[in-house]
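Trainee: Could you please take me through a close look at how one part of this chain is packed against its surroundings? I should be grateful for a connected account rather than a list.

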Amino acid sequence: MGADKAFGVLDGRTLLARMLDLGRSLAANVWIVGDSAKFAPFAPVVEDIFPGCGPLGGIHAALRSSQTDLNVILAVDVPFVSLALLQFLISRARSSPASLVTLAQANGRLQPLSAIYRRAFANIAGKALREGRNKIDALFQPESTQIITQDELEVAGFSSRIFRNLNTPEELGEAQRET
């Protein structure tokens, strides 16, 4: 992106502000996983226990800091995820207590950064991180992962475009023109 994605602007608001507002519409306790010096003015911050390990390190840190069983994990660069989608995922997670993770599959890919994680997933993530395994998808076991298919999402009224990721200034500009 050339700069921190969190501070990219879409529709007059930073991507960070969009995600914080979305999170706060669901829960009173919203945290940012990242650098305290950079993000403390915006919300409480949790720093990685395993720095430099990518998104799995962030998920692990968030779940280790959490006091709740179900946790919404959101990436700042997926700004089209809606409250309705998150409520749908939470409902599905609540109805499947054996699932440590409830996530969507869209555009041929799992969407682990717009998902619901049970706090117990921190143990699996921590073990993998200690072993140098940083790939999230490799940790999703069929018996403990609830995958919502693209067909199920569409039947529930959600387009796969909701998971559109903004990684470059061009993608941000295109999204800006569409809104």
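Mentor: Let us begin with helix α1, whose buried residues are covered by elements that include β1 (9-10), β2 (13-14), β3 (32-33), α2 (36-39), β5 (70-74) and α4 (83-94). Please keep in mind throughout that this is a predicted model. Helix α1 spans residues 15-24, and 7 of its 10 residues are buried, which leaves the helix mostly covered. The buried residues are Leu15, Leu16, Arg18, Met19, Leu20, Leu22 and Gly23. One of them, Met19, belongs to a nonpolar core of 18 residues, which also includes Ile116, Ile162 and Phe163.

That core is separate from another, which is the largest nonpolar core and has 21 residues. Within the largest core, the members that touch the most other members are Leu56, Ile59, Val101, Tyr117, Phe121 and Phe140. At least two residues of this core come from each of α3, β6 (101-106), β8 (114-118) and α5. Helix α5 supplies the largest share, 5 residues. Phe140 shows how such a member is surrounded: apart from neighbours within four places in sequence, Phe140 is in contact with Val101, Leu103, Leu110, Pro112, Tyr117, Phe121 and Thr145. In soluble globular proteins, nonpolar side chains tend to be buried together.

Two of the contributors to the largest core, α3 and α5, also pack against each other. Two packed helices are described by the angle between their axes and the distance between the axes. For α3 (residues 54-65) and α5 (residues 121-130), the angle is about 140 degrees and the axes are 9 Å apart. An angle would have to be over 145 degrees to count as roughly antiparallel, and the two helices are therefore oblique to each other. The crossing of α3 past α5 is left-handed. From α3, the contact is made by Leu56, Gly57, Ile59, His60, Leu63 and Arg64, and from α5 by Phe121, Ala122, Asn123, Ala125, Gly126, Ala128 and Leu129. By type, these residues comprise 8 nonpolar, 4 polar and 1 charged.

Arg64, a residue of α3, deserves a final look. With a relative accessibility of 44%, Arg64 counts as partly exposed. Setting aside residues up to four places away in sequence, Arg64 touches Ile49, Ala122 and Asn123. Arg64 and Arg119 are 55 residues apart along the chain, while their C-alpha atoms are separated by 7.2 Å.

Technical notes. Residues are numbered from 1 along each chain as its sequence is written. This is a predicted model: local features need pLDDT of at least 70, side-chain atom pairs count only at pLDDT 80 or more; totals for chains, interfaces and linings use all residues. Side-chain values use heavy atoms; hydrogens and water are left out. Axes are lines fitted to C-alpha atoms, for helices over the stretch in contact, and angles run from 0 to 180 degrees between N-to-C directions. Helices (H or I, at least four residues) and strands (E, at least two) are DSSP runs, numbered from the N terminus. Angles under 35 degrees count as roughly parallel, over 145 as roughly antiparallel, 65 to 115 as roughly perpendicular and the rest as oblique. A crossing is left-handed if the near helix is turned anticlockwise from the far one by less than a right angle, and right-handed if clockwise. Contact means heavy atoms within 4.5 Å. Ala, Val, Leu, Ile, Met, Phe, Trp, Tyr, Cys and Pro count as nonpolar, Asp, Glu, Lys and Arg as charged, and the others, Gly among them, as polar. Buried means under 20% relative accessible area, exposed over 50%, partly exposed in between (1.4 Å probe, protein chains only). A nonpolar core is a set of buried Ala, Val, Leu, Ile, Met, Phe, Trp, Tyr and Cys residues joined through side-chain atoms within 4.5 Å.
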